[in-house]
Structure formats: C-alpha cells, structure tokens
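Please open the model in your viewer and keep the sequence panel beside it, since this tour moves from a single side chain to a pair of helices and then to the whole chain.

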Amino acid sequence: MMDDQCRFHRGLSRQRMTLYVWLTIAILPPLLLNFNSLLKLTQDSSTEDHDGIDIDHPSFIDRVLLKCTTFDRETKTTSVTNVTPDDFYAEGSKCGHSFKEDTVAFHVGKGGGGTLIKHLGIGVNWVHPLPKSSINEQLQSGPLRTLIFNVRDPVDRFISAFNWRSIILCHPNDERHRGKKKIGKGKRTVGGTKRPDEFCKEHYEEEEIMLRETYESNPNVLAEALCHDSPLRPRAEQDFGNIHHSTTLTQWLDFLIDPRLAKNITNDGIQKFLVLPVEKRSGANETLFEKHIENLQRHLLKNRYGVDASDKMMQLAQEKKVKKEEEERRLNKPKRETHLHSSSKLHNSTKPMLTKLGECCLARYLIDDYRLIQSMLGGGKASNIDLAIAGLDPLDAHPVIQKACTWGNEQHKQECRGDLISMLMRRAKYLDESKGSCSAIVSAE
C-alpha cells in the first residue's frame, strides 16, 4: 500500500514538473518581451536628450505625459503636473512648456526679439536688453546648456535702433503721454515701447538730444561720421555706444569669442547654439523668421518628447490657435495692436536712408559682427569661398558657434545658412578692405 502511494506521488510530481516546464516555455518569452517594452519606455533610446521616454512607436503617443507648467499670478508660484497632450492643449488650459532649467534666449535688440517672444510659446530664460555676466557664467559651467540667439544684419539692426530711439524718446514740446500708464480692466501697464503713437519714454534727455541735434535724427549722419578718415570718428564711436540697443553681436557673445573667457567653458556648459536669422533676401516679399521660430518650437519639443509626439503637439497647438481666432472673429473682438518694437511700422516712406558712403563706413565699423556671422557658417575662409568676400576671415571663436545652423531638418539648415549668407553678400563689396577706403570704393562706382 505504501509503495503504491509513493509511486502515485512520484508520478504526480513528474506531471507537475512537466507542467512547470511547459508553462515556462509558453509564458516566459512574452513576459520578457513586455518587460523589454516597458524598459524601453523608461530609457532614452535616441541620440538627443529626452525626458526619459521613447515614443517612436505611434501607439505610445496618446500615453505620453507632458510637463504642464502653470503660473499663479496671485501667489507668484509655479507648479508642474503631468497631463496628456489633449488635456495640455484643451480649451481653457493654462498649461505651458518650460525649458528654463537649461535653456536661455538672448533677445538681441532690434533683431526680431519681440516677434520671437510673441510666437515662441515656450518658456525659456530671457536676457534683454543687455548681456548678463551671471547668465554667461551659467553657460560656461552649467546648468544652462542651450543658447537661442536672434541675428539680423548688423547695419540694418543699427538703423532700426537709431530710428526706434528717435521715435519713442520724449522730445521738447512732445504732446504724447510721458512715461507709463495703467489702462483697461486688467490694468495693463503700457508706455512708449508698446504704444509709441500715444506714449513716449522720459528720462533719456542726453540720448534724445544727441540723436535729434548732433545727428539730425538721421542715422546716415552718424554712419558717415564713423568713416576711418572722418575727424568726427572718435566722438561718433562714443555716441554709437550710447544708443540703446546698439550692443553688437560680438559684445553679446564675448564669452564665446574672447579667449580668456572661452577657456572657462566646461563640458557641463553650453552644448547647443540655435540661431534664428532675420533676413529678407533679394526678391523675397518677407523673411523666414516666423518659420524659423516654428522650427525652433518643433526642435525643442522633439528633443524632449520625440518626433511623433512633437508633431502631434504642433498640430494641437495650431488647432487651438485657429479656434481662438475664429472665436475672436465671431465676437468681433478687436485685435490688439502691437508694434513689437518696430520702427518701420511708424516711419513713412520718406524715412532717412543710408548713402553708399554711410553704408560702407557703418559696415566696416561693424566688420567683426560680419566676421562672427561667417564663423556661424562653419569652417574657415576656404570653405566659404563662394561668398566672394576676400579678406573677411571668420572670428576665432568657440566651436559651438559653428552649430548655429546645424539644428532642425535639412530644409531648415539650408534656409538658416542661406539667410546668413545673404547678410554677408549684401555688404560684400564694402567688407573687403583690400579694395581701399570707402570713399575710393564709392567714387569708383
């Protein structure tokens, strides 16, 4: 009897063992596959920095959680929650994207910065109107690693700065409201920057007198005074620096150009240099600037959430924008007018223009800015021989400068480079100092 029971239990044990083996063969591989899929969701499988999620597979898109950053104006506090893309872009949502932990934008005056702020729709650290040494130090050693930089043709930018300050500064017998004023139900503060037709900026008497009296409210008078052979050049150089928004591109990026400062950049410092050119090319009706901004939005979101998720977010954002515009039209809501720091919107067709001599002298005074732009194209003079600018050597700057147009898709890279090349080509005949003085060049034309 005992033997029969022992044989029975041994047989039962063998059956259980066989069942365990078959269950292991049948179940373990799927479990491992699911584990690997789960693991893939929590790892960064791309070469760019994401926030710990890979959503290359379309089925993952709706499961992605976005960082929803909101700001409470009453308590002055910021909160971050995780929400789905649909909730993030839902009607009435106060969610915003924030990249402030590692990204800064230098808002270079009179170079499209107001438009960039209006259309970017992504929270970053902003530096304006002057460079900040504390921010530069964070770009040298961290935590800031991405720098956004708007670039406009240096001559055009200075003309815009001169005209803008001539417009918004209060002058004697000015009938506009002086200073700022709170208006509307929300008590928004407005002044000369937003409403230069109604308000003017006070407390800049010396700059206003210099623009109006010394240079006759005409940028060409100052430009010609900057000629190398002009006896007025020493005074003109000083006055140039006293005009608001006249800080040059090389002054903005001195920590990447000055060898004594550039050597302090560590591996934890700046890694990405994203340039947005503002340039209306010959024959074009408008610039590609807003398109560059859209590409920047997509690039930042792609780096954090992946390609498919960024595409969906761009689509949802556009749909929300269209709905808002349709609702405003339905309610006949007046569109808020903003000049976005634009002198061209306030000047008439007779605004002062540069003579050829003034253009040449101003371009040569700003030649280091043009050399910096050529550095942004990458490589040395030989690699940019198609620019036909003999004698214009690129600046010996930090290598990250050459990444200016290496981000985004291939079309954007070409359009970015094309805009920078256009800036150089427009001034090429004046930037070649081997051709003689500006007076000689202009006389020979």
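Begin by selecting arginine 165, which in this predicted model is buried, because its relative accessible area is 2% and the cut-off for buried is under 20%. If you widen the selection to the surrounding element, you will find that arginine 165 belongs to helix α5, which spans residues 154-168. Now display the residues that arginine 165 touches, leaving aside those up to four places away in sequence: they are Lys201, Tyr204, Glu207, Leu211, Ile243 and His244.

Next, select helix α12, residues 289-305, together with helix α16, residues 410-431, whose axes come within 11 Å and cross at roughly 140°. With that angle, α12 counts as oblique to α16, and the crossing in which α12 passes α16 is left-handed. To see the contact itself, show the side chains of Lys291, His292 and Asn295 on α12, and on α16 those of Gln411, His412, Glu415, Cys416 and Asp419. Colouring this contact by residue class should give one nonpolar, four polar and three charged residues.

Finally, clear the selection and look at the whole protein, in which 17 helices and twelve strands are assigned. Of its 445 residues, 42% count as buried, while the protein exposes about 25100 Å², with carbon and sulfur atoms supplying 52% of that area. If you trace contacts between residues with a separation of 6 or more, 69% of them join residues that lie 24 or more positions apart.

Technical notes: Residues are numbered from 1 along each chain as its sequence is written. This is a predicted model: local features need pLDDT of at least 70, side-chain atom pairs count only at pLDDT 80 or more; totals for chains, interfaces and linings use all residues. Side-chain values use heavy atoms; hydrogens and water are left out. Helices (H or I, at least four residues) and strands (E, at least two) are DSSP runs, numbered from the N terminus. Buried means under 20% relative accessible area, exposed over 50%, partly exposed in between (1.4 Å probe, protein chains only). Contact means heavy atoms within 4.5 Å. Accessible areas come from the Shrake-Rupley method with a 1.4 Å probe; for residues, only the protein chains shown count as cover. Axes are lines fitted to C-alpha atoms, for helices over the stretch in contact, and angles run from 0 to 180 degrees between N-to-C directions. Angles under 35 degrees count as roughly parallel, over 145 as roughly antiparallel, 65 to 115 as roughly perpendicular and the rest as oblique. A crossing is left-handed if the near helix is turned anticlockwise from the far one by less than a right angle, and right-handed if clockwise. Ala, Val, Leu, Ile, Met, Phe, Trp, Tyr, Cys and Pro count as nonpolar, Asp, Glu, Lys and Arg as charged, and the others, Gly among them, as polar.
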